[in-house]
Amino acid sequence: MDFTEEIKIFSNRIMQIKDKIQTEEAVKTSIIMPFFHMLGYDVFNPEEFIPEYTSDVGIKKGEKIDYVIMSELSPVLLIEVKNCPDKNLKRHISQLFRYFAVSKARYGMLTNGFKFIFYTDLDEKNIMDTESFFEFNILELTSNDIIEIAKYTKSNFNVEEIYESASELRYLSKIKQLIISQSKKPSDSFINFILGEMHIGRKTKTLVDTFREYTKTALKSLIADNKLCINYDNNSDLENIENSISMTQTEMESFYIIKSILRKFIEPENINFIDNETYFTVIIKNSPEKWVCKISLKNKTEIALPYNNEAGEITYDFESIDDLYDLDNQLIDITKKLLI
């Protein structure tokens with residue numbers, strides 16, 4: 001079994017047990033230790049994986065970080081674990097920051113069992129950055145996530161190589177977020193830059209406002225075009241980022257519910273969607289003809305399923321997006337037929 005298959009199986013297992021993990025200790029024993037065991041570490045060998053690692057911080061003596069990965073008896077990765085329900089994970093960065101400052105480790109990781117956030121010292125040597133350079137959600141893995149995670153396996157872990165790629169990862173993420181931000185609300189400086197490149201006369205307020213709308217439309221169109229054309233096996237880190245521009249949080253959550261139901265039968269990167277003003281459609285392999293369901297949350301709350309994969313539809317009303325789980329058998333059957 002290769003690493004990609006192994007981590008996807010691990011992800012599916014966490015999906016199945018996630019609602020039963022209610023404490024920090026459960027996060028450690030059910031997710032963190034199995035995760036690093038999967039990466040090839042002997043989690044019971046204190047020469048490579050140490051729990052409750054003592055880290056004296058200033059006048060505070062005996063402070064302990066949850067786990068430390070060791071290499072040649074020296075710490076290389078600090079791991080601080082928080083409880084799964086704690087969604088505001090980054091508010092705990094100060095604790096990891098203190099540990100990093102007095103440790104020889106080059107990397108720090110903050111996790112609640114679902115989200116894993118990695119830090120290093122790109123800005124100032126031996127001072128942990130406040131910005132992460134790599135993040136992933138174990139329940140929503142992309143192909144690029146898996147490539148990066150593989151670098152942290154015991155057999156692949158190379159401190160210097162990861163450090164060299166950390167800056168690129170951080171700035172690629174920031175550039176993508178900037179493009180998304182500009183597609184929602186282009187700034188005056190961005191519009192002026194475009195007008196300057198196009199050499200269009202005097203920049204009046206009317207002209208700037210007009211090109212602001214042009215720019216929003218052009219960026220969204222470009223992103224949508226790329227969604228249909230990009231090979232997601234190589235670029236799946238873009239998956240759904242572009243679509244989140246127009247989708248609400250509830251719509252995104254409902255999409256991920258559908259995705260979690262189907263991921264046992266089809267690669268996650270092959271589960272996509274198309275959004276319009278009144279509903280969004282879950283499709284397979286970016287093919288609008290291969291649609292699994294249509295979900296409406298804007299004007300009314302309902303889901304439509306194809307009737308024998310033909311033009312007709314069967315519609316169900318639901319009160320909560322959690323009710324989508326009740327249709328798992330139907331959704332799986334439809335997907336299996338579309339894959340034939």
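What follows is a conversation between a visitor and a guide about a predicted model.

Visitor: To set the scene, how many helices and strands are there, and what share of the residues counts as buried?
Guide: The secondary structure comes to 10 helices and 11 strands. Of the 340 residues, 47% count as buried. As for contacts between residues at least 6 apart in sequence, 50% of them join residues at least 24 apart.

Visitor: Why is glutamate 313 called partly exposed?
Guide: Its relative accessible area is 40%. Buried would need a value under 20% and exposed a value over 50%, so 40% falls in between and glutamate 313 is partly exposed.

Visitor: Where does glutamate 313 sit, and what does it touch?
Guide: Glutamate 313 belongs to strand 11, residues 313–317. Leaving aside residues up to four places away in sequence, glutamate 313 touches Trp291, Lys294, Ala304, Leu305 and Tyr307. Its C-alpha is also 9.2 Å from that of cysteine 293, and the two are 20 residues apart along the chain.

Visitor: Now the sheet with the order 1-2-3-4-5-6: what makes strand 1 and strand 6 its edge strands?
Guide: This is an open sheet of 6 strands with mixed pairing. Strand 1 (49–54) and strand 6 (134–137) each pair on one side only, and that makes them the edges. From one strand to the next, the twist averages 25 degrees.

Visitor: How do you know that strand 5 and strand 6 pair?
Guide: Pairing takes at least two bridges, and 4 bridges join strand 5 (residues 115–119) to strand 6, so they count as paired. They run antiparallel. Phenylalanine 116 has phenylalanine 136 in strand 6 as its bridge partner.

Visitor: And which strands does strand 4 pair with?
Guide: Strand 3 (residues 74–81) runs parallel to strand 4, with 5 bridges joining them. There, leucine 77 has tyrosine 107 as its bridge partner. With strand 5 the sense is antiparallel, over 4 bridges, and glycine 108 stands opposite tyrosine 119. The hairpin of strand 4 and strand 5 has 3 residues between the strands, and in it glycine 113 takes a positive phi near 95 degrees.

Visitor: How do you know that both faces of strand 4 are covered?
Guide: Check the residues side by side. Tyr107, Met109 and Thr111 are buried on one side, and Gly108 and Leu110 are buried on the other. That fits the tally for strand 4 (residues 107–111), where 5 of its 5 residues are buried.

Visitor: What puts the buried residues of helix 10 on the same side?
Guide: The buried ones are Leu331, Ile332, Ile334, Thr335 and Leu338. They cover an arc of only 160 degrees around the axis, so they lie on the same side of helix 10. In general, an α-helix has 3.6 residues a turn, so residues three or four places apart point the same way. As for its length, helix 10 (residues 328–339) has 12 residues and spans 16 Å from first C-alpha to last, close to the 16 Å expected.

Visitor: Which residues have the most contacts inside the largest nonpolar core?
Guide: Phe35, Phe36 and Ile138, in a core of 44 residues. Helix 2 (residues 24–38) gives the most to this core, with 8 residues. Apart from this core lies another, of 25 residues, among them Ile258, Phe318, Ile321 and Leu338.

Visitor: What does phenylalanine 36 touch?
Guide: Not counting residues up to four places away in sequence, phenylalanine 36 touches Tyr41, Val43, Phe49, Ile69, Leu77, Ile79 and Met109.

Notes
Residues are numbered from 1 along each chain as its sequence is written. This is a predicted model: local features need pLDDT of at least 70, side-chain atom pairs count only at pLDDT 80 or more; totals for chains, interfaces and linings use all residues. Side-chain values use heavy atoms; hydrogens and water are left out. Buried means under 20% relative accessible area, exposed over 50%, partly exposed in between (1.4 Å probe, protein chains only). Contact means heavy atoms within 4.5 Å. Axes are lines fitted to C-alpha atoms, for helices over the stretch in contact, and angles run from 0 to 180 degrees between N-to-C directions. The expected span of a helix is 1.5 Å times one less than its number of residues. The arc is that of the directions from the helix axis to the C-beta atoms. A nonpolar core is a set of buried Ala, Val, Leu, Ile, Met, Phe, Trp, Tyr and Cys residues joined through side-chain atoms within 4.5 Å.
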